[in-house]
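Reader: I've got a new model open at the bench and want to talk through its charged pairs and its core. Can you walk me through it?

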Amino acid sequence: MTPAPTDKTSTLDDVIGELRDGMTIGIGGWGSRRKPMALVRALARSDVTDLTVVTYGGPDIGLLCAAGKVRRAYYGFVSLDSAPFYDPWFAAARTSGSIEAREMDEGMVKCGLEAAAARLPFLPIRAGLGSDVPTFWEGELKTVTSPYPDFDGRAETLIAMPALRLDAAFVHLDLADSRGNAAYTGVDPYMDDLYCAAADRRYLETDQLVSTEVLVKSVPTQRLLLNRMNVERVVHTPNGAHFTFAGEYGRDERFQRFYVESAKTPEQWAAFSKRFLEVDEADYQRAVTEWQGAQEDQQ
Amino acid sequence: MVEPVETTRAEICVVACAEIFSGAGEIMASPMAPIPLLGARLARLTTEPDLLITDGEALILADTPAIGKSGPIEGWMPFRKVFDVVASGRRHVVMGANQIDRFGNQNLSAFGPLQQPTRQMFGSRGAPGNTLNHPTSYWVARHSPRVFTDEVDIVCGVGYDRVDPDNPAFRYHHIHRVVTNLGVFDFDGPDHTMRARSLHPGVSAEEVADNTGFEIAELSTAPSTRMPTAEELTLIRDLLDPKGVRNREVK
């Protein structure tokens with residue numbers, strides 16, 4: 001008898017139980033697009049703290065800043081992708097000086113994840129030279145000179161982008177099986193495979209948990225972004241990327257604006273937190289459905 | 001008889017943005033705001049048919065649709081592949097700017113000290129990589145001394161005084177144009193400082209000087225920006241921007 005393959009289906013609590021203070025966590029998606037928000041919400045309401053976050057930032061890093069979880073952030077940008085664009089909680093963390101920013105060019109994030117994925121200490125890149133990126137990194141970012149001179153006999157000196165090694169990666173894919181095979185169905189894979197390849201522990205949340213057979217029949221082969229070697233745990237989280245968009249649903253623009261509005265006063269934020277953040281994922285989804293219904297009634 | 005419609009400042013800006021791409025050839029045009037987007041599409045419909053344009057998300061458009069509209073596609077350009085295009089150099093981006101200095105340093109990250117800014121914007125985004133790898137231009141809808149400042153708070157887009165001439169890694173740096181609601185500029189002034197190429201009809205050198213935090217080369221002798229042709233106006237008004245999005249960005 002062949003032993004059964006590992007079933008990786010887990011709960012959000014299983015994932016949070018494996019995280020420790022001070023970890024470096026990479027968060028997949030892009031801006032306000034296919035963010036693993038269910039995992040982010042679970043992390044925000046946990047006791048885990050003092051985190052270093054690596055991200056193409058959106059409301060994921062905003063919610064973690066609101067919860068006071070972030071000590072240091074590595075990012076190419078932070079954007080909500082629609083008006084008012086700037087995340088209020090990331091802005092508050094920055095203007096109060098409560099996080100150390102390792103801001104960089106967007107291409108440097110991809111480069112650093114690729115270095116980690118290939119177990120290399122660095123990869124050379126042109127982006128960053130001449131800009132204030134090295135100033136942000138306060139001596140942490142070095143250059144490297146090519147051992148091969150150019151056609152004119154001069155050697156190029158480039159940014160030596162260090163590997164962005166992650167203790168853990170969070171990603172949201174539209175479809176997955178219980179073993180960690182997973183696919184995206186939208187127009188863009190973002191960098192989710194790179195986040196997983198750069199991390200020691202890889203946590204996947206998914207809108208649809210299906211059999212392997214259904215998974216591979218549902219999408220063209222090229223959409224199978226993650227294979228089993230890249231995932232430790234799979235969490236079934238329908239609508240888990242809310243209020244960012246995923247393959248099967250659009251961004252909840254009204255709720256995102258409500259999130260931004262709610263950040264304006266401590267009273268509004270306390271009400272938002274009580275209703276949407278100090279609750280488990282099932283209650284969050286119920287509260288969102290109720291909120292959406294009330295919005296519809298007002299129309 | 002039909003009253004002739006007066007050409008708007010926005011339409012002059014669209015044509016000036018189209019001219020950013022003159023001679024660009026078969027490269028990706030990446031405009032980051034409505035007026036330069038209309039400019040890129042106008043260039044593609046007139047003199048630059050081989051430009052690649054995208055829907056701003058992940059699809060390369062086969063046709064040249066109106067702003068906000070999609071259409072038939074010809075290819076795939078997810079974000080990860082955009083970085084490959086950036087590194088290849090086959091791209092011309094038109095970015096916005098919260099600040100630009102006389103050497104073309106640009107800021108869209110934040111105001112104030114790096115680790116404790118007074119106001120947070122986007123972060124550096126792709127500006128460092130864009131400016132080191134391929135032609136970069138800027139679009140400023142409201143030319144003011146707050147934007148055109150003596151010194152930017154955070155250098156995201158790299159200016160000419162930050163280029164190391166001894167390091168060939170800087171060899172692809174080129175800031176092509178700055179188009180604003182007042183005129184068209186480049187960095188061919190003394191020591192690669194900002195220079196006026198043309199001022200839009202009705203704009204005086206004094207108005208530009210009053211709205212710029214540093215001296216602009218050749219400002220007093222700058223000619224007038226050319227008016228759109230009848231064909232260009234028809235393309236802008238009837239095909240590319242029938243709803244007049246341009247006139248909301250520039251009055």
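Reader: Which residues are linked with Asp50(A) in a network of salt bridges?

Author: Keep in mind that this is a predicted model. One link is the salt bridge from Asp50(A) to Arg71(A), with the closest N and O atoms 3.0 Å apart. Asp50(A) sits in the loop between α2 and β3 and Arg71(A) in strand β4 of chain A, so the pair ties together parts 21 residues apart in sequence. The residues linked with Asp50(A) in the network are Arg71(A), Arg72(A), Glu100(A), Arg102(A), Glu138(A) and Glu140(A).

Reader: Is Arg33(A), which pairs up with Asp81(A), buried or exposed?

Author: The two form a salt bridge, with the closest N and O atoms 2.9 Å apart. Buried means under 20% relative accessible area. Arg33(A) comes in at 10%, so it is buried.

Reader: What is the nearest side chain of opposite charge to Asp174(A), and how far away is it?

Author: Asp174(A) lies in strand β9 of chain A. A salt bridge needs the nitrogen and oxygen within 4 Å. Asp174(A) is buried yet has no salt bridge, and the nearest side chain of opposite charge is Arg34(A), at 4.7 Å.

Reader: Where does the largest nonpolar core lie, and which strand gives the most to it?

Author: That core has 124 residues, and Leu19(A) and Tyr195(A) have the most contacts inside it. Domain 1 and domain 2 of chain A both give residues to this core, so it lies between them. The strand that gives the most, with seven residues, is β9 of chain A.

Technical notes
Residues are numbered from 1 along each chain as its sequence is written. Chains are lettered from A and ligands numbered from 1 in the order in which they are written. This is a predicted model: local features need pLDDT of at least 70, side-chain atom pairs count only at pLDDT 80 or more; totals for chains, interfaces and linings use all residues. Side-chain values use heavy atoms; hydrogens and water are left out. A nonpolar core is a set of buried Ala, Val, Leu, Ile, Met, Phe, Trp, Tyr and Cys residues joined through side-chain atoms within 4.5 Å. Buried means under 20% relative accessible area, exposed over 50%, partly exposed in between (1.4 Å probe, protein chains only). Helices (H or I, at least four residues) and strands (E, at least two) are DSSP runs, numbered from the N terminus. Domain bounds come from an automatic or database domain assignment. Lys and Arg count as positive and Asp and Glu as negative; His and the chain ends are not counted.
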